[in-house]
Amino acid sequence: MSQDADVLVLGGGVIGLACAHYLLAEGRSVRVLEAGRVGAATSWGNCGTLTPSHAAPLAAPGMVGQALRWMLSPSAPLYVKPRWDPALMRWLAKVAGRCNRRDWRESGLAKGALLKYSRALVEDLVYGHDLDCGFEAGGLHYVFRSERALEKQRRDLPLLEELGIPARVLDAAALAADEPALRPGMAGSVFFPGDAQLRPDRYTAELARIVRAGGGVIEEGVRVTGLERGRNGIEAVQTSEGRRTGARVVMALGAWSTEFAQMLRLQIPIQPGKGYSITYDRPAAPPRRPLVLKERSVCVTTWGDGYRLGSTMEFSGYDDSLNRARLDALERGAGEYLLEPVGPAKREEWCGWRPMTWDDLPLLGRAPGFNNLFLATGHGMMGMGMSAGTGRLLADLVTGRATAIDPAPYAPARFAG
């Protein structure tokens, strides 16, 4: 029986497009199915940073107490909307159970390995395929107002050093000299020279361009409605535009993966973590590099023609309403650090769902119990930064090639049972 493609990729965000590109490079025919427009969901409104510096998992020693103080405040960096949600409660309990040094280090080493691998591959893609996406490799600052918070951050540096991720602590004077956009009185920063940035919307658009140029088919406005299971795995994918078939299926549906996993009785413990951003015209004197304003958990990115504040984590299910308290908290937090915290004109307020796993690692590889279904989901806040590494690793696993990094920490089978 003829197939629509060697590989069907479900989801046209940054992860699905990266997987499609690397599969095409291995000589496979690929068809991407996207419910809306490519890159228009979670891949759209993030801050576009490529950050091996973010290897440390969210579930850190001492995080439980901090989270309890934050989670009931609508404007705090972490907010849990009060409601009855047993799945979320179980998920949060798993996260809490990992707030210890052993699990933190284990996840951090795996997370950092993929981020570092992907960071190098993104640069190869940008220059190898002439991607017009605002890529800049100028590093990133974690900025601190408090000496105590800066000293606490130093505890993560041995983990990054173990991964070969360079970091340099700057005192107040050195930070002020490097970043004149900051207000006086900052305590200092941790500078990560290996981090980079790009425009996420342009990056996904450029990935779609090279997928099509490589012979891939991208169907937009085609919603996946069901999966037909047969003796050897997925026989066909049901869509709003009819059945689609492929010898292999890659599920790259982000925060929506859980819905389809339930149809197949797969264990995919993903919760939708809602993030926010505000995009402006570029200020007169914007930051020279991406910044993370650590005490307020606000990310700041400047591009040639724009400026964005982003971050926060909200667990409110799939509620797509914009929470004014959380948007205002971004601007208020930026105002504590920056001389010019917002741009002269606001272009867009945005929210989107990150696919969060309780061990802060994605699911990459063959789905347990299926010969032809592969998962590429659960990247949390790191989808942009892990995109190329995920695509390369997934293509290697599908085609049986040796992988450049150990895929075991990301295996979906770790959640089976």
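This is a short tour of two sheets, two helices and four single residues, to follow in your viewer. The model is predicted, so please keep that in mind at each stop.

**Stop 1: the six-stranded sheet**

Start by colouring the strands E9, E2, E1, E13, E20 and E19. Taken in that order, the six strands form an open sheet with mixed pairing. Look for its edges at strand E9 (217-220) and strand E19 (363-366), each of which pairs on one side only. Now turn the view to follow the twist, which averages 20 degrees from one strand to the next.

Next, zoom in on strand E1 (residues 5-10) and strand E2 (residues 30-34). These two run parallel and are joined by four bridges. To find one of the partnered positions, select Leu-10 together with Leu-33, its bridge partner in E2.

**Stop 2: two helices across the sheet**

Keep the sheet on screen and add helix H1 (residues 14-25). Helix H1 lies across E1, E2, E9, strand E13 (246-251) and strand E20 (373-377). Compare its direction with that of E2: H1 runs at about 170 degrees to that strand.

Then add helix H11 (residues 383-399), which lies across E13, E19 and E20. Here the strand to compare is E20, since H11 runs at about 170 degrees to E20.

**Stop 3: the three-stranded sheet**

Move on to E10, E11 and E12, which form an open sheet in that order with antiparallel pairing. Strand E10 (224-230) and strand E12 (242-244) stand at the edges; each has a single partner strand, so one side of each is left without a neighbour in the sheet. Ignoring direction, neighbouring strands of this sheet are turned by 30 degrees against each other on average.

Within this sheet, six bridges join E10 to strand E11 (residues 233-239), and the two run antiparallel. Select Arg-229 to see the residue that stands opposite Ile-234 in E11.

**Stop 4: two residues with positive phi**

Select Ser-297, in the loop between strand E15 (291-293) and strand E16 (298-303). Its phi is near 50 degrees, a positive value in a residue other than glycine. Is Ser-297 buried or partly exposed? With a relative accessibility of 23%, Ser-297 counts as partly exposed.

Now go to Thr-312, in strand E17 (residues 306-315). The phi of Thr-312 is near 75 degrees, again a positive value in a residue other than glycine. Thr-312 is buried, with a relative accessible area of 9%.

**Stop 5: Gly-310 and its contacts**

Stay in strand E17 and select Gly-310. Gly-310 counts as buried, at 1% relative accessibility. Show what surrounds it: leaving aside neighbours within four places in sequence, Gly-310 is in contact with Cys-47, Tyr-276, Ser-277, Ser-297, Val-298, Cys-299 and Leu-330. You will recognise Ser-297 in that list from the previous stop.

**Stop 6: Thr-357**

Finish at Thr-357, in strand E18 (residues 346-357). This threonine is buried, with a relative accessible area of 4%. Which side chain makes a polar contact with the side chain of Thr-357? Display Asp-359, whose side chain makes that contact at 3.2 Å. Then show the backbone oxygen of Leu-361, which lies 2.8 Å from a polar atom of the Thr-357 side chain.

To complete the view, add the residues that Thr-357 touches beyond four places away in sequence: Trp-91, Pro-269, Ile-270, Leu-363, Gly-378 and Phe-415.

Key
Residues numbered from 1 in each chain as written. Predicted model: local features only at pLDDT ≥ 70, side-chain atom pairs only at ≥ 80, totals over all residues. Heavy atoms only, no water. Pairing = 2+ DSSP bridges. Axes fitted to C-alpha atoms, helices over the stretch in contact; angles between N-to-C directions. Contact = heavy atoms within 4.5 Å. Buried < 20%, exposed > 50% of the residue type's maximum accessible area, 1.4 Å probe, protein only. Polar contact = N/O pair within 3.5 Å; in protein donor to acceptor, adjacent residues only side chain to side chain.
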